[in-house]
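Me: I would like to learn how to read the metal sites and the ligand pocket of a model. Where should I begin?

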Amino acid sequence: MIKYDLHSHTTFSDGRLSVAELLERATEKGVDVLAITDHDTTAAILPAQQYIEQNALALELISGVEISTRWESFEIHIVGLAVDIHHPELVKLLETQQAKRQARAEEIGRRLEKRGYEGIFDRAKELAAEAEITRAHFAAALVERGVAKNIQGVFKKFLARNKTGYVPSQWCDMATAIAAIKAAGGVSVLAHPARYQMSSKWLRKLLNEFSACGGQAMEVAQPQQAPPERQFLGQLSREYNLLASQGSDFHYPMPWLDLGKNLYLPKDCQGVWQFWQANEEC
Ligand code: AMP
Ligand code: MN
Ligand code: MN
Ligand code: MN
């Protein structure tokens, strides 16, 4: 059985492992095919290709990206897999998204500074270093100030939807992200559908619109997931005629979440890898 893990992050966004550390760990964990899908950037892909080649790792890399989009009042993440990272439409969209990330981060900083967390933007930016800045960097900076014990605690207090430090960003819409991924030859995957805290009525509305915009796949399997949820998502993928993906959404090792861990699709789901396997054949 080929082990696929099609959702992971590096220090080019909010992952804590460098490209080299991530690739070595994926290899150790027996992953055969790994997609790197950083938030709104493909900066990790070329260094990853180089590292695999130079170290002759037995690992196939899928070029990916996770694009933040706005749909209704939700932030919906769309993963693009097997994309041409040089395609001008994708490059341009990611540049716009990166500018929006920077502007949003500045606003988050202003709001938190008003609450007394002086210099928090500078610290978050420092922690982000070469990465696209994310809320996770603010969360880490606030953990340092003792706001909460961990990142999850800070999100709950300050950064989750409707909290003081939450700034709704004008991310692109789903159609724009899907069109850019398609132009770049890739497949669009609706990321972690169960994590948006939506009723199943809303989830179905989302799947309808995602499909209508040309979305072709959805994530079905994640390591940290109750079996009924996986079955339910598998059923939705069949119902909406979407390919099924699996990925750890790895940011750093945790006891219950790791690269390649507990990833399998329910019966009768069509693996998203069919997309690039079909392209390779013709
Ligand atoms: P951003 O893309 O800047 O909005 O940051 C979102 C990132 O923050 C996600 O990709 C997660 O890695 C992380 N995140 C979001 N919500 C939570 C949460 N409740 N607890 C911990 N991390 C979270
Ligand atoms: Mn993240
Ligand atoms: Mn996500
Ligand atoms: Mn992710």
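Reply: Begin with what counts as a donor: an N, O or S atom within 2.8 Å of the metal, with 3.2 Å used for Na, K and Ca. Water is not among the atoms, so sites may look incomplete. Keep in mind that this is a predicted model. One distance to look at here runs between two metals: the manganese ion (ligand 3) and the manganese ion (ligand 2) are separated by 5.6 Å.

Me: Which protein donors does the manganese ion (ligand 3) have?

Reply: Glu66 gives OE, His77 gives ND1 and His192 gives NE2, at 2.1 to 2.2 Å from the manganese ion (ligand 3). Along the chain these donors follow the spacing E-x10-H-x114-H.

Me: What do Glu66 and His192 tie together?

Reply: Look up the element in which each donor lies. Glu66 is in strand E3 (residues 60-71), while His192 is in the loop between strand E6 (187-190) and helix H8 (200-212), so this pair ties together parts that are 126 residues apart in sequence.

Me: Are Glu66 and His192 buried or exposed?

Reply: The cut-off for buried is a relative accessible area under 20%. Glu66 has 1% and is therefore buried. His192, with 6% relative accessibility, also counts as buried.

Me: Which residues coordinate the manganese ion (ligand 4)?

Reply: Coordination comes from His7 (NE2), His9 (NE2), Glu66 (OE) and Asp249 (OD), at 2.1 to 2.2 Å. The spacing of these donors along the chain is H-x1-H-x56-E-x182-D. Glu66 is thus named both for the manganese ion (ligand 4) and for the manganese ion (ligand 3). Between the manganese ion (ligand 4) and the manganese ion (ligand 2) the distance is 4.6 Å.

Me: Which parts does the pair of His7 and Glu66 tie together?

Reply: Use the reading applied before. His7 lies in the loop between strand E1 (4-5) and helix H1 (19-28), and Glu66 lies in strand E3, so the pair ties together parts that are 59 residues apart in sequence. His7 has 0% relative accessibility and counts as buried.

Me: Which side chains make polar contacts with the side chain of His7?

Reply: For such a contact, look for a pair of N or O atoms within 3.5 Å, one able to donate a hydrogen and the other to accept it. The side chain of His7 makes a polar contact with that of His9 at 3.4 Å. Another polar contact joins the side chains of His7 and Glu219 at 2.7 Å.

Me: Now the pocket. Which residues surround ligand 1?

Reply: A residue belongs to the surroundings if one of its heavy atoms lies within 4 Å of the molecule. Around ligand 1 these are Asp14, His39, Arg101, Arg104, Thr134, Arg135, Ile151, Gln152, Phe155 and His251. Sorted by class, the shell has two nonpolar, four polar and four charged residues.

Me: Which parts of the fold supply the shell around ligand 1?

Reply: Helix H3 (88-114) and helix H6 (151-159) each supply at least two residues. H6 gives the most, with three residues. By domain, at least three shell residues come from each of domain 1 (4-94 + 187-281) and domain 2 (95-159).

Me: How far are polar side-chain atoms of Arg101 and Arg135 from an oxygen atom of ligand 1?

Reply: For Arg101 the distance to a ligand oxygen atom is 2.9 Å. For Arg135 it is 2.8 Å. Arg104 belongs with them: an N or O atom in its side chain is 2.4 Å from an oxygen atom of ligand 1. As for cover, the protein hides 76% of the 500 Å² of accessible area that ligand 1 has on its own.

Me: One backbone matter remains. Which residues have a positive phi without being a glycine?

Reply: Two cases can be read here. Ala129 has a positive phi of about 50 degrees, and its place is in the loop between helix H4 (120-128) and helix H5 (135-144). Asn162 has a positive phi of about 75 degrees and sits in the loop between H6 and strand E5 (172-173).

Me: Are Ala129 and Asn162 buried or exposed?

Reply: Exposed means over 50% relative accessible area. Ala129 has 59% and is exposed. Asn162, at 70% relative accessibility, counts as exposed too.

Technical notes
Residues are numbered from 1 along each chain as its sequence is written. Chains are lettered from A and ligands numbered from 1 in the order in which they are written. This is a predicted model: local features need pLDDT of at least 70, side-chain atom pairs count only at pLDDT 80 or more; totals for chains, interfaces and linings use all residues. Side-chain values use heavy atoms; hydrogens and water are left out. Accessible areas come from the Shrake-Rupley method with a 1.4 Å probe; for residues, only the protein chains shown count as cover. Helices (H or I, at least four residues) and strands (E, at least two) are DSSP runs, numbered from the N terminus. Ala, Val, Leu, Ile, Met, Phe, Trp, Tyr, Cys and Pro count as nonpolar, Asp, Glu, Lys and Arg as charged, and the others, Gly among them, as polar. Domain bounds come from an automatic or database domain assignment. Buried means under 20% relative accessible area, exposed over 50%, partly exposed in between (1.4 Å probe, protein chains only).
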